[in-house]
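Here are a few exercises to work through with the structure open beside you. Try each task before reading its solution.

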There are 4 protein chains.
Amino acid sequence: MVVRTSLAGVAPARESAGERSRAQTRERLLAAGLALFAERGLHGVTSHDVAAHAGVAAGTFYLHFKDKRELLRVIAAETIALLRERLDRASRSARGSREGVPAFSEALLAFAEEHQDRVRILFSRDGDAAAVEADVLSELAASIAETRRGRIASGASSAALDPDVASQALVGMLARVVAWWVEDPRRASRETVARTLTRIQLGGTHPPPEAAEE
Amino acid sequence: MVVRTSLAGVAPARESAGERSRAQTRERLLAAGLALFAERGLHGVTSHDVAAHAGVAAGTFYLHFKDKRELLRVIAAETIALLRERLDRASRSARGSREGVPAFSEALLAFAEEHQDRVRILFSRDGDAAAVEADVLSELAASIAETRRGRIASGASSAALDPDVASQALVGMLARVVAWWVEDPRRASRETVARTLTRIQLGGTHPPPEAAEE
Amino acid sequence: MVVRTSLAGVAPARESAGERSRAQTRERLLAAGLALFAERGLHGVTSHDVAAHAGVAAGTFYLHFKDKRELLRVIAAETIALLRERLDRASRSARGSREGVPAFSEALLAFAEEHQDRVRILFSRDGDAAAVEADVLSELAASIAETRRGRIASGASSAALDPDVASQALVGMLARVVAWWVEDPRRASRETVARTLTRIQLGGTHPPPEAAEE
Amino acid sequence: MVVRTSLAGVAPARESAGERSRAQTRERLLAAGLALFAERGLHGVTSHDVAAHAGVAAGTFYLHFKDKRELLRVIAAETIALLRERLDRASRSARGSREGVPAFSEALLAFAEEHQDRVRILFSRDGDAAAVEADVLSELAASIAETRRGRIASGASSAALDPDVASQALVGMLARVVAWWVEDPRRASRETVARTLTRIQLGGTHPPPEAAEE
DNA sequence: GATGAATGAGTATTCATTCAT
DNA sequence: AATGAATGAATACTCATTCAT
């Protein structure tokens, strides 16, 4: 599930002066969009805002992106790629061990800490961003569900939970907690958040048989 | 401000003709807002849309609501009141018993089934609705946290989870699952959803000490 | 030049209950218009404002006045009638004497003091009030010009000044000074204002130094 | 903000093509505002009217002016600057001589003749233009008062008049006479107007009979 | 006569997008 | 490729006025 975006290592060659300029302009627009969308949401930002924040003329925006939504979509895709890579690495380094889940939570939180703006954009549904975000979280849910199915198959997780419902539940839980925490990281230590998430997930994922509530 | 028309007192009706009409118009606007916001979100709907859908003139909208946001706020407040009432009733009828949590989930899902539009509005963050929705979910989180604290005090729940993190997690989970399910109730039976939610919550709320993951 | 408006002594009969009520409503609307127009000008006041300030329903306004402009016109006409009466009385009581001009100024200032709101409306040109006000001041100018012509004929005033120009000048001067003074009567004592106005007028009207009133 | 196109430096022109275009559009909007405000007043003109009269799209208006009021303010400021320059030149060319006052009146009237629209806007109070106009006339009053104080100090004017009252009176007189005259210049010859104004002012400014200019 | 809810034309203002330079 | 002035459709909101009760 590791995504190889065009961002990664595709162009080893040095860009020409013209190309570099164009690529730089694009990067500045992406950075501006990241900062502004995180702060004010898709509707709170105009294409002029983005251009101005990037230090380019208004028209230049449309030389790089079809429209505002596309900019958001690209930022979201980048973010998902980054997140996937991180989670993949975490699960690889903890493969099979019982620590898979804590490692997952830790990785997610570390990502959130490093990329607050991206997390804010990804996890705070913003009107027309709905389509974008729905995809994102759905993909994430699918991805997580896949992981869980693997665990069920290996006996690590209980089959008592409906996979679809459970993955939605996990995504909703993670998204909200992460967004809440990133908003003000002093609300709880990273360890507290990770521990709580881990325990709730454990509860849902492999409940000791005798703990069944009925 | 009591009106004394020549007909005053003749009719036992509590509302004057004007009042009845005004209240009806307001209701129609609320109903129109409910339907349209659920379908297209705050930004996808204009005040003219709402007025037209309610069968009144554009200006009439502003006789009843300051602006679009206020209409949304009123609908959200109504929804929360309805939801609270439902959840309160459920917890009262299952007081103390182990079935409190399943009853809670059942009530929530029954509510979602009956009020799909309201759930869609409440649980699908829509840009400028962010403020409204943030309040709503925060209140819900606080409410749930309170309930959980009661359970912890009575020994029914473990204190191992951070209350703030856990309540955010629960709210996020419930909101997402409910929104996902309401979108297409054939995705899973109500019972399946309820059972899964209940089990995850149990996991988080009173994990037998020996089940601690490590 | 004394105006006999329908306000004065036309109806010696007592009004019926219904009539009294209607007349009272009208008076309240006039009073509300006076206060509000003086404060915020024609454009700063809505017909709803006037009705609310008068304690009647919005529709009632149109039972008494064709529209906002008519209300202003009526108030202006009343004001002119009141002002004329005052100035006539002053010139009658000082007929022929050299004190005509000071008496005129004194009367004008006394009027302004008593009827600040009316003066504010009359002398502060407000957009669409222009038509109304133009008439008012033109009439006033004509009236003053007439008086001055009498004085010229009697040798009390110099014929060196063009009558039309001079009357415009006087009206402009009086209107502005009065409006300025009424805005904050502490700006100058009534006596100072009156003396200055008198001297300027003297310069234009009867220059012989020995005619100075003191 | 200097633009470096491949053509840069080829033309000796100071403005870039864009700047020239922008400045031209602004000028057209100013001219349109001047004509329309003079004709119908601030409230009688919409921003669309101005744009249409200038031959640009509605939105273009807001690229150059914050709103209608700002356009009016700019026009008023321009007008004041033009007027000041004219009056200054007049007083310089007639320095010290007894002809200062006649020269002043002449200059004012010449200005009015050349800039009828500007005079109409400046001297015809229009509702919300009140603030603008109040400032304008107050500035003018202050300016005139200053001049008069100089004359008093040099013994050229009597101190018998209150400076504040007198300056208000002069402003009111000048504004009204000029507005009246400009409305239809055939009402009186420029010389007649100037002579009358001069004599009234003389009365107020340097009463010694022997100073009468004829 | 009074009420006040409803009307809907009118107006200001924004902003995504285009295009000549 | 970049610029930035211009566009004009979209939309929120106001308010004079009407009319059923």
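**Exercise 1.** How many nonpolar, polar and charged residues does the surface near DNA strand E have?

*Solution.* Keep in mind that this is a predicted model. Start with the residues around the strand: 40 of them surround DNA strand E, and the closest are Asp67(A), Thr25(B), Gly59(B), Gly59(C) and Thr46(D). Sorting this surface by class gives 15 nonpolar, 19 polar and six charged residues. Next, look at the helices behind it. At least two residues each come from helix H2 (47–54) of chain A, helix H1 (17–40) and H3 of chain B, helix H1 (17–40) of chain C, and helix H2 (47–54) and H3 of chain D.

**Exercise 2.** Now turn to the other strand: which residues are closest to DNA strand F?

*Solution.* The closest are Gly59(A), Thr46(C), Asp67(C), Thr25(D) and Gly59(D), out of 39 residues that surround DNA strand F. By class, this surface splits into 15 nonpolar, 18 polar and six charged residues. Among the helices that supply at least two residues each are H1 (17–40) of chain A, H2 (47–54) of chain C and H3 (58–64) of chain D.

**Exercise 3.** Check the length of helix H8 (residues 163–183) of chain D against the expected rise per residue.

*Solution.* First, count the residues: H8 of chain D has 21. Second, take 1.5 Å times one less than that number, because this is how the expected span is defined. The result is 30 Å, and the end C-alpha atoms are 30 Å apart, so the two agree. Finally, look at the surroundings of H8(D): 18 of its 21 residues are buried.

**Exercise 4.** Find the buried residues of H4(C) and look at their spacing.

*Solution.* Helix H4 (residues 68–93) of chain C has 26 residues and reaches 38 Å from first to last C-alpha, close to the 38 Å expected. Its buried residues include Lys68(C), Leu71(C), Leu72(C), Ile75(C), Thr79(C) and Leu83(C). To interpret such spacing, recall that an α-helix has 3.6 residues a turn, so residues three or four places apart point the same way.

**Exercise 5.** Describe how the two domains of chain A meet.

*Solution.* Begin with the bounds: the domain assignment gives domain 1 (17–65) and domain 2 (69–206). Across the boundary, 12 residues of domain 1 are in contact with 13 residues of domain 2. On the domain 1 side, H1(A) gives the most, with seven residues. That side has nine nonpolar, three polar and no charged residues.

Definitions and conventions
Residues numbered from 1 in each chain as written. Chains lettered and ligands numbered in written order. Predicted model: local features only at pLDDT ≥ 70, side-chain atom pairs only at ≥ 80, totals over all residues. Near = placed C-beta within 6 Å. Helix = DSSP H or I, 4+ residues; strand = E, 2+ residues; numbered from the N terminus. Nonpolar A, V, L, I, M, F, W, Y, C, P; charged D, E, K, R; others polar. Buried ≥ 20, exposed ≤ 12 C-beta atoms within 10 Å, placed from the backbone. Domains from an automatic or database assignment. Contact = placed C-beta atoms within 7 Å.
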